[in-house]
Each structure stands twice: as structure tokens, then as C-alpha cells.
Amino acid sequence: MKWWTLNRLSLGNCRGEEITEAKEFFTQLFSGDEEVSDKEIIRQLWGLYKSESPEKPLAEKCLRCVISHYIKIQCFDLAKKYGSKHDFTVEDLFPFVLDCTDSSLNNGNHNSLTARILQSFKLEQASLSTWTKRIVITDRELKIFLLEHGIELVTNWLLLKQYNSRKLRQNLSELPRFSSTEIQQYTRLLESYQNVYLAEIQAARNQINQEREQQGLRKITTPYPAPNHQQLVSMAEELSPIWKLSPEEVLKELQNLAQFIRDYKSSRYHDAAKQSQTKSNIYDNNQQTSEISNVYRQLLQDCLIAAIKEVTEERVNYLQSKRKKRDKPFLQGLDFFHCQYVPMTEIAEKIGLNNQSQVSRLLDQTAFRSDISRRTLVKLRSKLLEQAQIHNSPSQLKNLELEINTFVDEEVSNVMQEAEKEASISKNRVMRNLLSIAICQYLDTRK
């Protein structure tokens, strides 16, 4: 049963393992309560887990078992909804989110997803199943996998809310199939959507949330609904000077625009991945080149993001310690520069600084890249040596170590040079280098 069966990753698939002590504890705790609801069971287990009771470890086991059940359900839901069309199976999802076989409930491993979900869960804010789903679909590695398969798990209306019109214009301009007139039309469509729809939705949400805050209730986080007819009429009127559309056609074009953004973002990740492909002999020469590329791409990406996290958090902590705190403008500036391609002169106004020079000093991209480069080198060397040890003898490793060091130096140097080259462009800048992509992925995890 879900309360005492832990779903784990075993040989690439999902394996349910019965936890005897959890079963005995659960059966004794709820003996005679045949009609008790899942909500009430979780409430009682949660109370024990948050207490200093001797039963706390057993309550944790039961909760992590049911969380693993919800994770498994979410994987099947994603595979059913997207797998056939986007060429993946539920087995492809399990490695990203299930606890590994050696992640025993008894060995104190609190880095597994079930443990992290439980640690971040708040009973008064959401149901455990809802919270589990939210954490699963926002897992960084799972999001990257889905994005590489053309799937971004946000609604059209939230996606259009988050996108920048200048960024859209640049994206459309890269593709010859869009004329200057069409670029103007779609850019204006996005601006109209944000002017009309978002202004009304946000005003209504703010009012509701103010009332809920006064009542001691948490803010609403419901999905953005589709635009209503009157909003579509207003958008059509705004667009009429350059694009004659009926309200129904406005809705259709908004959906088309959202799909374009999804497709573009997916292709952006694919293009970046190609830059990292290598035919190095660090691994077993009998492996296929595609396998080598996939392993290396993931290692480089992981090391970049780990280095970015360390360097960014150190800078955030430093800026927080200053009398005039600059941590939030720093993070906002990174997002505007690397993810939204906003010029330095415009970033200043957006983050509350006076001029471009202040932005440059705050972001200090040269030092930022240098710090990330050094840490990435150390991490990537270590990871590649670990991989090489799997496929090579000790005598072979001696010869490979120098080759690995040379290879890593060149690879990381190329990543940083590409980032520097794109950063130096003042007009129509598009940051498609691996460093910027990794920075944006990391910033997404902080939102």
C-alpha cells in the first residue's frame, strides 16, 4: 500500500519496496479507522513528523512512501499527456525524480526528492499531493529534459505574461520566414495582451490577495485563465491600426504565439547542446559518440550550474551585508542581461540605478565569468576523472589525466569566450551561449 511502499529507481525503472516497520507502525496507528481519509492520515502523520515524538522517524517513512506514490503518478500523467507526441516514455522520467536504490530511508539521506518535498511542505498551504506535483514539475533536471523534448510546463497565458516584447522581436527577426510586418504585428499582439489582459487580471488578484492577507489567509496561486471575450475585443481594437482581427482570431493568434515561444525556447536548448558535443577519448573507446556527447553535455551543464550557484550566492551574501543592499538589483540585472537581452542602459532604470556604469560595476561580468570559470574547471576535471576511472585501468588513467586537463581547459575557455563575445554586443544582443543558458536555468530555480 502507498503508505508503506517506497517507489525507488532500480535498473532504470520504478520498483516498489515494502518498508516493514512503516507498515507495522501505520497499521497500529490507524487500526479500526477504516473510513479515515487520506487528508486526515496525512494530518496525523505530519503532526508526529513535526514533533519530537519517538514515532517521528516512522511517520517520516510513511510520508516519504506516499510522496513517492504521488511522484510515480505524476510521471505517468506526464508520459500519458506528452510521451507519445514528444517521443519519450515514463521510464525516461523516473531517473530524474525517484529516489535511487541506495537512498535508504534508514541511512539519513535527506537529499532525495522525497525528503526535500517533505522538508519544504507546509500543511496549511497545500495538500501533499498538490505540493509534490508542484515540486516535481519544477525540478531543474526534469524541466531541462522536457524542454529538450519541446515541452514547457506553463500555461499559454503565463508564458505570454512572462515573455519580453523586445526579446520576441529579436527571436522573430532571426527567422527569415517572418516579414517585418509580421514581426511588428506579433510584437504588438504580445504588448496588447500584456496591456489589456494582465492589467485586469493583476488588479483583481491584488485586491483578492489584500483581502485574504487581512483575513490571515495565504495568497492565491491559481493558474491564469484564458482571456475573456471583452478582453479579446479590447485587444482587437488596439491592434486594428496594423492588424485587423476578430476577437476569435486574436485568441487563435495568441495561442500560435505561445506555441512559437515554446518551440523557440526548445530549439535554443538544442542549439546550445550541440556546442558541447565532443569526440574525446576520455571514455571507453567502444562507446558510441552520441553516448559520449550526452554524458559530457550533462556533466558540463551540471558543473556550470553548480559553479554559478556558488559564485552567485557568495555575491548575493556580500551585497546583502552592505549598508546599501544591492542583492536584489544584482539578481534582477543578471536576469535582464542574460535571459531577456535588455541593454545595459535600460537595465539601470529597471533596477533602480542611475546609469550604465553603475550596472556594469554591479554585475562586473568579467570577474563573474572568471570566478565561474575557475570553479567549473575544478568540478569538470573531477567529474571527468571519475567517469574515466569507470572505463580505464590505473595505467591508462595516468596517460589520460594530462589529456583531461588540457581538454577541460580548452572547453571551459571556449564557453567563456563565447559568453564574452555575445556580451560585448550592444545592439540586438541575443545570449545563446552555454554560460548564459546555465545562468538562466539557475535563476529559474530561485524564482
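Here is a short conversation about helix pairs, one histidine and one pocket in a predicted model.

Reader: Let's start with helices H2 and H3. Why are H2 and H3 called oblique to each other?

Author: Helix H2 (residues 38–49) and helix H3 (residues 56–86) pack at an angle of about 140°. Angles over 145 degrees count as roughly antiparallel, and 65 to 115 as roughly perpendicular. The angle of about 140° fits neither class, so H2 and H3 are oblique to each other. Their axes are 8 Å apart, and H2 passes H3 in a left-handed crossing.

Reader: Thanks! Which residues make the contact between H2 and H3?

Author: From H2 come Asp38, Ile42, Leu45, Trp46, Leu48 and Tyr49, and from H3 come Lys56, Ala59, Glu60, Cys62, Leu63 and Tyr70. By class, that contact has nine nonpolar, no polar and three charged residues.

Reader: Helix H3 also holds His86. How do you know what His86 touches?

Author: Contact means heavy atoms within 4.5 Å. Leaving aside residues up to four places away in sequence, His86 touches His149, Gly150 and Ile151. Take Gly150 as one of these: His86 and Gly150 are 64 residues apart along the chain, and their C-alpha atoms are separated by 7.1 Å.

Reader: What makes H9 and H10 roughly antiparallel to each other?

Author: The axes of helix H9 (residues 165–173) and helix H10 (residues 180–214) cross at roughly 155°. Angles over 145 degrees count as roughly antiparallel, and H9 and H10 are therefore given that name. The two axes come within 9 Å, and the crossing of H9 past H10 is right-handed.

Reader: Which residues meet there?

Author: In H9 you will find Ser165, Leu168, Arg169, Leu172 and Ser173, which meet Ile183, Tyr186, Thr187, Leu190 and Glu191 in H10. This contact divides into five nonpolar, three polar and two charged residues.

Reader: And how do you know which class the pair H4 and H7 falls into?

Author: We can use the cut-off of 145 degrees again. Helix H4 (residues 90–97) and helix H7 (residues 140–148) pack at an angle of about 150°, with their axes 8 Å apart. That angle is over the cut-off, which makes H4 roughly antiparallel to H7. H4 passes H7 in a right-handed crossing.

Reader: What makes the contact between H4 and H7?

Author: Asp92, Leu93, Phe96 and Val97 of H4 make it with Glu141, Leu142, Phe145 and Leu146 of H7. By class, the residues divide into six nonpolar, no polar and two charged.

Reader: Now for empty space. How much space lies in the second largest pocket?

Author: The second largest pocket holds about 250 Å³ of space. It is lined by 15 residues, and those closest to its centre are Phe337, Met344, Gln356, Ser360 and Ala423.

Reader: Which elements give two or more residues to that lining?

Author: They are helix H15 (344–350), helix H16 (356–363) and helix H17 (365–391). H16 gives the most, with three residues.

Reader: What makes a residue in that lining nonpolar, polar or charged?

Author: Residue type decides: Phe, Met and Ala count as nonpolar, for example, while Asp, Glu, Lys and Arg count as charged. On that basis, the lining of the second largest pocket divides into six nonpolar, seven polar and two charged residues.

Terms used:
Residues numbered from 1 in each chain as written. Predicted model: local features only at pLDDT ≥ 70, side-chain atom pairs only at ≥ 80, totals over all residues. Heavy atoms only, no water. 1 Å grid on protein atoms, 1.4 Å probe; cavity = no way out; pocket = protein on both sides within 12 Å on 5 of 7 lines; lining within 4 Å. Points joined across faces, edges and corners; volume = space filled by probe spheres on them. Helix = DSSP H or I, 4+ residues; strand = E, 2+ residues; numbered from the N terminus. Axes fitted to C-alpha atoms, helices over the stretch in contact; angles between N-to-C directions. Parallel < 35°, antiparallel > 145°, perpendicular 65-115°, else oblique. Left-handed = near helix turned anticlockwise from the far one by under 90°.
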